Amino acid sequence: MALTRRTFCGALAGMSVAARKAEPMIHAGRLRGHMEELSVYGRPARGSFADGVSRVAFSDADVAGRKYVMGLMRAAGLEPRIDAAGNILARRAGVEPGLEPILFGSHIDSVPSGGNFDGDLGSLAAIEAIQTLNERGITTKRPLEIVVWSNEEGVAYNNGLFGSRAAAGKLVPGELDHVWNGVKKSDAVRKIGGDPERIAEARRGPFRAYLELHIEQGGNLEKAGIPVGVVEGIVSIDGYEVTVRGFANHAGTTPMPDRQDALVAAAQLTLAVHETVTREPGRQVGTVGQLQVTPNAPNVVPGLVRHTIELRDLSSAKIARLAETIRARAKEIAAQTRTEITMTLASHHESAMAAPEVQAAIEASAAGLGLRTTRLPSGAGHDAQAMALLGPMGMIFVPSVGGISHSPRELTRWEDCARGADVLLATVLALDGDRPTRPTAGTTTARVPR
Ligand code: HGY
Ligand code: MN
Ligand code: MN
């Protein structure tokens with residue numbers, strides 16, 4: 001269901017007055033203000049919040065957005081640092097410095113013409129949680145570490161979760177030598193303050209738990225009328241690069257039977273992906289999202305097409321099997337169209353299950369705030385799946401209006417953003433083991449209406 005711009009703006013306006021069911025612990029107005037300010041970086045010219053952002057990793061807009069977010073961290077009394085992979089990290093001391101930290105955050109890079117909530121909510125809510133702890137005079141037992149991961153989306157270099165994979169020691173050999181848009185990845189990492197020569201230093205130590213607040217990017221929570229989702233697991237994602245070589249020729253004088261039309265072959269392969277993935281029951285998905293035609297001229301038979309194929313499912317074995325079926329279809333299509341088709345695995349992200357103890361902590365925290373929860377899988381990939389390789393992980397979802405994401409129409413109601421941030425903060429405190437220590441006289445961790 002496409003949200004019209006009118007509906008979108010109406011929903012935005014309506015949100016500020018909507019009676020909140022549970023007053024947030026965090027400062028909802030401040031979180032909203034930061035979300036609106038961040039959305040300026042990568043906004044289309046003469047656009048507004050409703051026009052979303054293009055803040056693709058390593059772009060100037062990404063650099064500017066990162067600078068803004070680091071300023072917010074400093075305003076929250078933190079000293080942000082950028083690690084060798086370009087991840088922004090900031091640590092708040094705990095009473096017992098030797099304990100493993102609680103790590104939480106997300107990303108702020110976006111897809112082209114993306115939304116204002118994907119990644120941004122989890123990143124800004126992490127800072128808001130720190131700010132709220134400061135204002136309440138609460139010192140946790142454990143150190144708290146917040147993070148903004150670099151290049152989560154992977155639009156740049158067609159391989160996502162870059163910063164979190166570097167932290168988990170899961171970069172692909174030679175990955176920093178890849179070139180995209182004429183720029184080597186190592187130079188792009190330098191541009192955002194990373195240090196590719198010391199990329200091994202981005203490997204991170206153990207943590208008590210990793211938490212990520214994120215919009216659902218699907219419609220389940222909204223349909224169910226439930227404000228908080230507790231993620232069970234994150235899908236496995238395989239990304240393929242396909243090259244279709246035909247023969248560029250005159251569009252007027254080349255008879256149809258004599259053509260080796262790379263785009264006709266690619267179109268048939270795109271349909272084959274759709275047919276293969278939809279042919280069997282299950283939640284698997286397959287997408288051809290990016291396609292380049294060469295020479296891309298109206299009066300030339302396409303000689304070369306490069307495109308992607310992305311397959312996702314909780315089972316990596318299933319998507320590997322589907323890929324083999326697609327590969328066999330590609331062979332048949334190549335023969336029929338007298339083209340050459342190659343299909344190369346460019347990226348693989350293993351599926352990851354959330355830790356039961358972290359799921360339980362999220363559920364108990366939400367219940368303590370009077371908020372209903374439900375468990376659900378994540379069809380979107382997240383940095384949390386890289387962190388799951390290092391320690392217990394958990395994700396908190398909040399509803400996406402109309403289930404829309406990776407679009408300027410991406411929208412989560414401000415009250416849901418605030419409640420998600422509340423659950424994040426409450427879960428951090430719960431995972432800290434004890435009730436917060438040293439609340440100064442007169443402060444409370446109870447919800448104080450703002
Ligand atoms: O593509 C994804 O699933 C995520 O939004 N990076
Ligand atoms: Mn995301
Ligand atoms: Mn995304």
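In this predicted model, the manganese ion (ligand 3) is held by Asp118 (OD), His406 (NE2) and two OE donors from Glu153, at 2.1 to 2.7 Å. Read along the chain, the donors of this ion follow the spacing D-x34-E-x252-H. Glu153 and His406 come from distant parts of the chain, 253 residues apart. Glu153 is in the loop between strand 4 (144-149) and helix 5 (162-167), while His406 is in the loop between strand 18 (393-398) and helix 12 (414-431). Asp118 does a double job: it bridges the manganese ion (ligand 3) and the manganese ion (ligand 2), which lie 3.6 Å apart.

How buried or exposed are Glu153 and His406? Glu153 has a relative accessible area of 17%, so it counts as buried, the cut-off being under 20%. His406, at 39%, counts as partly exposed.

Now for two aspartates that are buried yet have no salt bridge, Asp383 and Asp83. Here is how they line up:

| Residue | Loop between | Nearest side chain of opposite charge |
|---|---|---|
| Asp383 | strand 17 (373-378) and helix 11 (384-387) | Arg165, 7.7 Å |
| Asp83 | strand 1 (81-82) and strand 2 (88-92) | Arg81, 5.3 Å |

Why no salt bridge for either one? A salt bridge needs the charged atoms within 4 Å, and Arg165 is 7.7 Å from Asp383, while Arg81 is 5.3 Å from Asp83.

What does the side chain of Asp83 reach? That would be the backbone nitrogen of Ala85, at 2.9 Å. Leaving out residues up to four places away in sequence, Asp83 also touches Leu89, Gly193, Gly194, Asp195 and Ala202. With the same neighbours in sequence left out, Asp383 touches residues including Ser106, His107, Trp149 and Tyr210.

How values were computed
Residues are numbered from 1 along each chain as its sequence is written. Chains are lettered from A and ligands numbered from 1 in the order in which they are written. This is a predicted model: local features need pLDDT of at least 70, side-chain atom pairs count only at pLDDT 80 or more; totals for chains, interfaces and linings use all residues. Side-chain values use heavy atoms; hydrogens and water are left out. Helices (H or I, at least four residues) and strands (E, at least two) are DSSP runs, numbered from the N terminus. Buried means under 20% relative accessible area, exposed over 50%, partly exposed in between (1.4 Å probe, protein chains only). Lys and Arg count as positive and Asp and Glu as negative; His and the chain ends are not counted. Contact means heavy atoms within 4.5 Å. A polar contact is a pair of N or O atoms within 3.5 Å; within protein, one must be able to donate a hydrogen and the other to accept it, and residues adjacent in sequence count only if both atoms are side-chain atoms. Donors are N, O and S atoms within 2.8 Å of the metal (3.2 Å for Na, K and Ca); water is not among the atoms, so sites may look incomplete.
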